[in-house]
Amino acid sequence: MLDKYEESKVLAGGQSLVALMKLRLASPKYVVDITRIPGLSYVKEEGGKLLIGALTTHDAVENSPLIRQKCPILSEAASRIGDQQIRNRGTIAGTLCHADPSADVPTAFLALGGEVVAVGPGGERVIRASDFFVDFFTTALNPNEVVREVRVPVLPPKTGSAYVKHARREGDFAIVAVAAIVTLDEYGLCKSASIALGSVGPTPLRAVEVEKALVGKKLTDDVIVAASELADRGISPPSDIHGSAEYRAEMAKVFTKRALRLALSRIGG
Amino acid sequence: MAEAILSKEIPVLRKWVGTPIKAKEALRLITGGGRFVDDIKIPGMLYAALLRSPYAHAKIKRIDTSKAEKLPGVVAIVTQEDVLKWCKPYPQIVPPPADKLLDYPIAVGKVRFAGEPVAAVAATDRAIAEDACELIEVEYEPLPPVLDAEEALKPDAPLVHEEVGTNLVWHEVFDYGDVDKAFAEADKVISLKLHHHRYGGAPTETHAVVADYDKGTGVLTIYCNNQMPMFCMALIGLSFNFPTDKIRIITPDIGGGFGSKILSYTYMMLISILALKAGRAVKWMEDRREYLAAGTHCNEATFYVEAAVKKDGTILGIKARTLHDVGAYLRYEPVGALLWIQVSSGPYRFKNLRMDVNAVVTNKGPVAPIRGYGRIQHLWMLERTVEQVARQLGLDPVEVKLKNYIRPEEMPYVTPSGATYDSGDYLTALKKALQMIKYEEWKKKQKELWEQGRYIGIGAALFQDSGTNNFAQVRLIYKNNPFSGQSRMAEMWMDEFGRIIVAVGSNPHGQCHETVVSQVVADVFGVTPDDVFVVPGFDSWVHGWTGHSGSYASQFAVSGIGAVLGAAKRLREKIATIAAHMLKAKPEELEFKDGKVWVKGTDRAVAFWQVANLAYRNVLELPEGVEPGLRVIYSWKAPFKLPDLEKKTVNATLTYSYQAHACVVEVDPETGKVKILDYAVVDDCGVPINPAVVEGQVHGSTMNGIAAALFEEYVYSKDGQLLSSTFMDYLFPTTLEIPDIKVDHMITPSPFTELGTKGVGEGSLVPLGAIAGAIEDALSPLGVVITDSHNPPERIYRMIREAQKRK
Amino acid sequence: MHFEGTFDIKAPRQKVWEFISVPNNVAKCLPDLQKLEVLAADHFKATVKAGVGFVKGTFNFEFRMLDMQPPTHAKLSGHGSGTGSTVDLDTAIDLSDLPDGGTRMAWKADAKVGGLIASVGQRLLEGAAQKIVGNLFACLKKQLEG
Amino acid sequence: MVEKRKIKLKVNGVEMEGEAEPRTLLVHFIRDTLGLTGTHIGCDTGHCGCCTIIMNGVSVKSCMILAYQAEGAEILTVEGLAKDGKLHPIQEAFWENHALQCGYCTPGQIMSTFFLLSRNPKPTEEEIRRGLEGNYCRCTGYVNIVKAVKAAAEKMAKGGS
């Protein structure tokens, strides 16, 4: 159907799109409201993954006991979105497809190495987080595809995660946001580290250099501090009145450090 | 306390005055029954949208509305041609040459700031009107914009108004005491350059107008949310080619103002012209982007300050050169550049002051009389200066302030500029505020915390909230300005059933005038506030008004209540005369109680309705010479004098409320973000009529100040584009940014007002002073000096980095 | 906003010059060209669609080729409006020979954006503008070599 | 111009219907078509919360929803709170605590409080502040609003509707 209506835009909650339309920044010819499609709001566990219906609201993601227990960083990111009314209406697929690099959930989603299930005329396909975000407001979805389901891994034991953001006001888009997930091995060394940065480029970005500097090491504070210093590698932050590119680059380091400390402090036995 | 300030002329029982009764107007507002301009619907009403300039400075070469006119639903379009047909330029209050400045409700020939209206469309719905705006073709010739006051004064700077020939629209030097002597005798001279940023009122309701032209009667009714429309009437009357006797202005409930809703007279005229052209009623509701872009920002000011001081911190004198960036048009300016004269030495005792004042036009939004208008900039400058005096002398800022404060026994105190501070105890107030945040404990903790790398700072400041202004002060801008003083009109009547009704010429928007008036009147007539009906809103055909009427300059408790008391006295006397006749007693033997007039100490009484019946229907039984009816008007006039144009002194305001603020902040040294850990306010506005209303005003002005200090700034790009143009970037603080605000009160009655009341409301945004001081205190180990009134994280971060480099 | 770049084209300078001095060729490289109206050899109107992702606006541009110094230097200046915004674009192109017989094109572009996009799009504007301008010149190169 | 379409929904317990264009916002539909003007508009970008209503049990900003999306919805606006002349405890608490001045943001504040207390009857101060984050107020500094929400919670615990 999206083929039939060129220049159409899917509305999955509309907490971003409607605002842009009101400002007359976006004027799609057609708006397709999918919020009424039944059965697209759920959270379930299957094969080591959490399967989240496309239309699950941020509020539901924030408060889902399953997500809080098995993938707390996603709830944490969702809880930082806008305000209660926005979280009541906005959906997980909506914010992912909107692909604003300063939004909260996309950054956590990238760090988690999640995936989306896209449906189109040609059937279904799975797109990995690392391939999903293409540019500002641009994803790997074809114009005739919609997201049916979002999948994130159940975090393994000895894993700590944290989503932190630097913003002028609580609910604002981040000046810099960091999602950090670290897993320790039985010797207490860093088995894996996944760090994503928001608001420092056209899409959320993985802080690959930082991750490399952590894996295999004992995560002393010195190691964390040293690794965080690499957070400005390979980013291209925008400038606005709340933070210049240089400031964002510095804050990327600071908040990577803070996210890592917090994540580490959260690792249970 | 009460005794001292009991009215001499009328016995005001203090039963209701001073009681925090529930606000009468709140009932309709909590049930969705409030009526705001946007709620008004008139048959056949059209909806307007404005096309605004994308350029900060450009010639308008051509406007082509033909495509827009063809759009179905479009009824009328107004551009510069229509405006020139309907309007003369607005009168200006500046001396030549700036008095030649041409200002209209819409851009004529040239746009002078991004967001200036260029065309207005009326259509059958708002969306169509907006579509039509997109179809209007405007050919611009971009001109280089000038966006900074100092740049604007350079000889080669682009001219905002060619007809004026300079961007310097007003310059005056005010010299009080012997400044040169003070500087000659100084142990030390402290010099600073300071910048006070642009922020705004940002009421939750934006500007709105419904203009309804009735062909039959020729009457033009303007529904609006202007907060002093009858003052604006002077501007409208002098520039609008429409008979003033046929203009009726109505303000229903108003969703906040904070000074920014004083300048909407340009919109009142523009939408009226649209309605006249369309021949139908037109509604215009401003959207938030328009509100933020179109000005009504506060005065942006740059200060070059020098303070002459003694080693012990005694301030001998201050010299300041100030540059006020007033934006593209004067509108209410350069009053904002003058109003420091109400608080020239702030709470301090120094007598020698030289102010070199400059008002400059730029290609930014025009400024407006925002809460604390003109005084804030000056009081903030004094506060920064005094704290730097302390720091540069190695003294405690709090000690230096207390040392230099005016003493309570010196009240009433005449300032260098001739203002008379009526009453107050600044020292006690500041100490109280400091106790409320546990100043001593924090001072002790502070040192340890610094060692742990935590930057905690304490700030304290006291600003006056000067209320009830004397318009004669504008004669110090230009001697020919034909206004002076301050006045208010109230009308009061008892209907034939004995009910009391009051109409006051004010335009309240949260000040609860219906409530406080009914409290005062209830005490005069010995009834309850529920027995007194205060006509809501404002209607120029119903409410008595003078050219000073409106709600502004913290004064209703003085001027409005002054008029109400006067009217109540007249009505009471007339009722007493008739009642005395009915009771065969002398008026002075009577007392008013429970809806009856009694002969004191007896059980003889007549009910109000019986008196009213005589007055309205049974008129042959009225005593000799008493006119039928029970309806009176009273106009109150403040006891002001004209200024001394030689000395340039004036008693610019009647009352001086004040607030002492103290706060504790923590600065995150890695990010520059400031967190408020504790905040306390001590307020003294004389005798409160309704303490709950007063406390609400204190909370609000405190939030306003916190917002300005840490969150809200109008930022322009180097091309003159407003970058903080939505609530995404103009950071209105929420419940999560504003801390709980502790408030305590002092009551020092004003000797100059009948009930000892003082105006309250502007609270003079003291947080600008207190928070700047607290940040500077927190970062004192680094020697950071706060020179800007707005301190967002990146700015603080950079100052910290630079300081660390220096070390 | 100021952008600039340099790239080499495998084509002789005269050919490059002849190509870029023709409105039709230049217009082909404008983003998502909707409509082209050539008014003179150095003067044309173009309707384009530009933006980021689905946040796109339609702009009506008027371009003029100025200061033409064949075959070394040319200026293209355009004014566009749309989406409650205005765009003023000034580009300068300098051509020089390369030893291998190719041509080096050095370009500069200054863009001023006003109105809605400038005031609400600041976070994205610079990146977006850079892409659009970059693509324009990349496209010229492609056409000349292809 | 796209032609209008009829929308049916339940507002404050009453079945209502009216016509709207595809681009009509729910808040305009409620105010202009249904004539319920207690719900206000304070910005263009979904920040201020003046237009907050309860839609299908949750608080939403009616300026961020298209009228078409409300087809068949159950909506509660500030006009629907007081029952047969008796104020809702939240309204009483706002009045008694002087939690409003100009009153323009108040309906939104009250509807957000309604949702907050429906989900969390005994909120801490922090939870209250978080719950009302999406509702701007310029007059009160939020101090008395937070007080009022606490008071409302107590009233409702004592079994006031």
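1. With 146 residues, chain C would be expected to have a radius of gyration near 15 Å if it were a compact globule; its value is 15 Å, so the chain agrees with that expectation. The model is a predicted one, and this figure is computed over C-alpha atoms.

2. The outline of chain C can also be given as a box. Taken along the principal axes, the box filled by its C-alpha atoms is roughly 45 × 30 × 25 Å.

3. On burial, 41% of the 146 residues in chain C are buried. A residue enters that group if 20 or more other C-beta atoms lie within 10 Å of its own.

4. Chain C has four helices and seven strands. Read from the N terminus, the order is β-α-α-β-β-β-β-β-β-α-α. A strand therefore opens the series, and two helices close it.

5. Contacts in chain C between residues at least 6 apart in sequence include a share of 47% that join residues at least 24 apart.

6. Turning to the contact between chains D and B, chain D contributes 42 residues and chain B contributes 43 residues. On the side of chain D that touches chain B, the elements giving two or more residues are α2 (89-96), α3 (106-119), α4 (125-131) and α5 (143-157) of chain D. Of these, α2(D) gives the most, with four residues.

7. The make-up of that side of chain D, the one touching chain B, is 20 nonpolar, 14 polar and eight charged residues.

Terms used. Residues are numbered from 1 along each chain as its sequence is written. Chains are lettered from A and ligands numbered from 1 in the order in which they are written. This is a predicted model: local features need pLDDT of at least 70, side-chain atom pairs count only at pLDDT 80 or more; totals for chains, interfaces and linings use all residues. The radius of gyration is taken over C-alpha atoms; the globule rule is 2.2 Å times the number of residues to the power 0.38. A residue is buried if 20 or more other C-beta atoms lie within 10 Å of its own, exposed if 12 or fewer, and partly exposed in between; C-beta atoms are placed from the backbone. Two residues are in contact if their C-beta atoms, placed from the backbone, lie within 7 Å. Ala, Val, Leu, Ile, Met, Phe, Trp, Tyr, Cys and Pro count as nonpolar, Asp, Glu, Lys and Arg as charged, and the others, Gly among them, as polar.
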